[in-house]
Amino acid sequence: MSWRLWIPLMVFAGFIGLAAYQLTQPKDDIVESRMVGQELPYFELPPAVERGESISSADFADGTPRLLNIWASWCLPCIAEAPHLERLQREGAEIVGIAIRDRPEDVAQFLAQHGNPYTAIGRDDLSQVQLEIGSSGVPETFVIDGEGMIRYQHIGDIRPEDVPILLEELRKAGA
Amino acid sequence: MIAELGLAALWLAAALAALQTVAGFLSVRAGQGAEIAALIRPASMMQGLLVAFSFAMLLWLFAITDLSVKLVAANSHVDKPLIYKLSGTWGNHEGSMLLWVTVMAAAGALIAAVEHRLPERTMYATLGAQGLVALGFYGFLLLSSNPFERLPVPALQGMGLNPLLQDIGLALHPPTLYFGYVGLSVAFSFAVGALLTRSVTPDFARAMRPWVLGAWVFLTLGITAGSYWAYYELGWGGWWFWDPVENASLMPWLAATALLHSASVLASRDALRTWTIMLGVVAFSMSMIGTFLVRSGILTSVHAFAVDPERGTFILVLLTLYIGGALLLFALRANTISEGKRFSVTSREGALVFNNVMLSAILAIVLLGTLYPLLTEAFNVRVSVGPPYFNPVGAIFFMPMLLVMGVGPLLRWREDRPDRIRSELALFAALIIAAIVLLSLLVEIALLPLLGLAMGLGLAVASFMPLRSRQLGRIPAATWGMVLAHFGITVALIGMASESAFSEEELVALSAGESATVGPWTVTLEAVEPVAGPNWTAIQGRLSARYGDSEPVVLAPQARSFWAPPQQTTESALSTRWNGQLYAVIGDPAGEGRFQLRLWWKPFVTLIWYGGVVIALGGVLALIGHVLNDLRRRHRERRLDEQRSEEEALGILSGEERL
Amino acid sequence: MTRLLAAMLLTAFALPLAAQDTMPPAPYAYRQLDDPAAEAEAQDLMETLRCLKCQSQSIADSDAPMAGDMRHQVRIRIASGESPNEVRQWLTERYGDYVSYEPQISATTWPLFAIPILLVLVVGAILYRRFGKLP
């Protein structure tokens with residue numbers, strides 16, 4: 001009989017252990033995409049700026065690894081990451097953008113103000129491609145290898161220390 | 001100066017709590033007649049006065065908006081209306097903790113002043129435990145959350161003018177829940193006191209019961225108000241989301257409900273001793289775990305609140321000490337406490353045990369579902385647990401419990417024959433079965449709402465059956481309270497089931513002059529106009545809504561944009577009838593002069609909250625009944641004592657005569 | 001207290017205007033399907049899908065643009081004949097179990113179902129022990 005009286009204390013100790021552990025962990029709200037390691041889902045998007053180029057999933061399977069940057073002109077962290085995207089481009093990364101819920105004139109203004117590291121930008125008004133590749137916010141950056149496979153996902157804006165990581169991931173993807 | 005006075009009073013109160021604790025536990029060791037025991041009750045009462053004074057000082061600081069105090073500067077604003085300045089006192093972490101210890105110390109003072117039923121040693125242990133719990137919270141306040149901290153340079157205006165918090169419901173909602181939490185802390189102290197002195201008696205249950213009932217009434221009201229607030233304020237017509245923050249307030253309620261029922265078995269029948277003690281500990285631990293989950297920010301729901309890991313750590317340490325200590329004591333002591341009187345399955349006690357076990361199981365499921373995402377996160381896997389889990393899994397235990405709730409009060413204590421209440425059982429079963437058959441034939445309805453409605457209809461009758469063939473005037477208030485509380489559960493259940501089964505939703509884009517129908521309502525968008533408030537602008541829709549052929553009513557939902565801080569809120573507009581509510585929300589422009597409207601017709605949805613109020617009312621009646629009973633009993637005992645001493649005096653005289 | 005905190009959460013849910021797009025919502029974000037049966041199916045499903053931007057709300061309860069886009073996806077997929085479970089699957093393939101409020105039995109969620117079953121057994125045992133041997 002008496003061992004049963006210890007059960008509540010044991011359960012409670014388990015809770016305290018879990019709570020204490022979680023208190024020491026940094027709280028992140030990151031939802032990782034399950035599509036990493038899988039083929040880029042099929043999509044075709046119209047250009048996000050006038051006289052720009054449209055993009056499609058087929059473009060990625062041409063042997064060149066690329067960065068796929070999900071962003072928007074209305075997103076404040078995207079301004080913060082713009083210089084680092086440009087640096088990535090200068091280091092030889094090819095960057096394709098997808099603008100989420102954005103207007104061509106706003107995109108053009110953003111590019112004029114903060115620079116344009118993109119080879120092409122697609123326009124995703126319904127967050128369709130964003131949902132297809134399991135991205136849960138802006139900005140996010142995916143590494144796509146030359147066969148059109150998603151290799152890596154970076155969540156949040158790109159900080160200076162992320163640039164070498166992304167370059168390394170690109171290199172691993174065959175650049 | 002005011003702030004310093006408040007702080008000094010708080011330190012003094014903390015010192016008295018320490019004295020109360022030490023004196024309490026020393027007296028328990030020394031046994032009856034220890035001299036130090038004389039200190040305990042005065043220390044407890046004085047402590048109550050001092051904290052009340054300290055809290056009054058903080059109220060005063062908020063009332064005059066003393067901007068040299070950090071807490072006031074951070075949470076108030078010179079231009080706030082007075083009522084919201086005052087409610088700002090507890091609308092923040094430090095102030096709410098001060099309110100918490102104030103209520104706790106006041107409760108301690110009250111027990112010290114009026115409770116003389118229990119053996120003195122048990123009272124020393126109880127007050128000692130109460131002092132120890134209070135001491136931890138004083139430490140928390142004084143060491144890491146000092147509400148009276150001064151700013152080196154006074155602020156000019158003050159920061160806080162959060163428009164969402166300037167709502168009368170929200171001003172009163174948090175203290176309501178606090179009163180509930182703190183009431184459970186008193187039950188906890190009683191349980192620890194009884195465990196320490198091994199005196200788990202019906203008197204102990206009677207002493208504890210009013211506190212549990214009071215706490216339970218406050219929790220019921222707090223949850224009901226919170227649910228209604230979420231319903232009209234969040235703008236999507238939902239009234240319960242199984243959000244971790246909501247679960248944190250539901251869990252103490254479930255535990256308190258179980259405790260209430262097992263305490264009444266102990267009080268009337270001297271059975272379920274260890275179980276009642278266990279629930280006393282569990283109920284308070286749920287209050288503390290809830291507070292911890294909400295303040296520490298370890299659950300996703302609360303990440304946005306200005307949480308502080310230090311606070312979380314502090315609460316966790318207190319939680320470990322008190323609850324861990326009490327559970328350890330329980331494990332060591334409980335087997336020396338006998339089970340109490342036995343009873344048969346078909347008895348009032350049997351039904352109450354069933355109810356207790358079911359409530360505990362529901363509590364376990366809510367706790368599991370709330371903590372599970374936290375557990376998997378430790379292994380880097382993120383999962384969500386929501387309504388599709390809680391509703392059916394909870395129902396597995398809730399539905400059988402409801403059946404027993406309908407029958408249990410009809411049974412006699414100790415032992416009863418089911419065939420004695422054959423006709424009542426038959427009526428109850430017939431009602432439920434008839435409702436199930438009729439409803440499933442007449443309407444298309446999912447399983448859970450169907451069961452909910454059928455049970456609700458059956459129980460609505462069954463909950464009044466305990467009154468049958470009795471003279472209504474001679475039924476004790478406590479029985480009326482039980483009947484009313486059970487009926488309240490029924491009312492709320494019907495509301496929930498009906499909302500879930502019969503709600504109709506209509507999303508439309510209308511331009512001025514166009515109409516839409518939702519359920520029996522025809523809603524016409526008359527106009528959309530801009531309106532401005534003190535710190536917001538809004539577009540306001542003027543809707544005329546007509547129920548069937550009756551006179552139209554005007555509704556004015558708004559979509560507000562605040563500019564400091566910039567945020568958007570929706571102000572829903574409601575039209576309430578006896579048989580339900582029309583719920584209207586205006587959204588964004590949809591192009592070509594049209595506006596998005598969201599309309600819901602929710603039949604009998606208001607029963608959910610009326611039910612909550614009826615439950616609380618039942619609790620109040622039961623509380624009054626028990627307190628009156630105790631007073632009467634005390635009076636009778638005093639009369640008996642007087643009689644006895646008179647007789648003895650007479651006896652002595654007559655003896656002398658005989659000599 | 002809890003509601004107070006919820007109110008503060010609300011301030012967090014209501015995104016600052018500066019960081020919100022100005023595009024009109026997706027066609028089916030605020031529009032019901034014409035077929036009432038399909039709409040009911042979609043509605044039931046949406047209430048069990050988690051809005052990824054706004055912690056702790058379903059996509060049926062949120063004004064966030066991404067929740068609107070997800071509602072659009074759900075409605076058009078249901079309208080094109082997919083079953084609610086296929087749509088849920090489509091999302092969990094992309095976001096994991098996190099996106100669904102309805103835990104599916106899997107390697108990570110089995111205790112959620114095992115523990116209630118265990119509870120039923122324990123409850124049965126407690127009741128049996130208490131009552132079984134009594135008069």
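Which exposed residues does the face of H3(A) turned away from its buried side carry? They are Glu105(A), Gln109(A), Ala112(A) and Gln113(A). Here a residue is exposed if 12 or fewer other C-beta atoms, placed from the backbone, lie within 10 Å of its own, and buried if there are 20 or more.

A word on the model: it is predicted, with local features needing pLDDT of at least 70 and side-chain atom pairs pLDDT 80 or more, while totals for chains, interfaces and linings use all residues. Residues are numbered from 1 along each chain as its sequence is written, and chains are lettered from A in the order in which they are written.

On the other face of the story, helix H3 of chain A (residues 104-114) has Val107(A), Phe110(A) and Leu111(A) as its buried residues. Because these cover an arc of only 95° around the axis, they sit on the same side of H3(A). The buried residues of H3(A) pack against strands E4 and E5 of chain A. Just after the helix, Gly115(A) has a positive phi of about 90°.

The strands of chain A include these:

| Strand | Residues |
|---|---|
| E4(A) | 95-100 |
| E5(A) | 118-124 |
| E6(A) | 140-144 |
| E7(A) | 150-155 |

Chain A has an open sheet of 5 strands, ordered E5-E4-E3-E6-E7, with mixed pairing. E5(A) and E7(A) stand at the edges with a single partner strand each, so one side of each has no neighbour in the sheet. E6(A) and E7(A) pair in the antiparallel sense over 5 bridges, where pairing takes at least two DSSP bridges. Within E7(A), Tyr152(A) is the bridge partner of Val143(A).

How values were computed: Helices (H or I, at least four residues) and strands (E, at least two) are DSSP runs, numbered from the N terminus. The arc is that of the directions from the helix axis to the C-beta atoms. Two residues are in contact if their C-beta atoms, placed from the backbone, lie within 7 Å.
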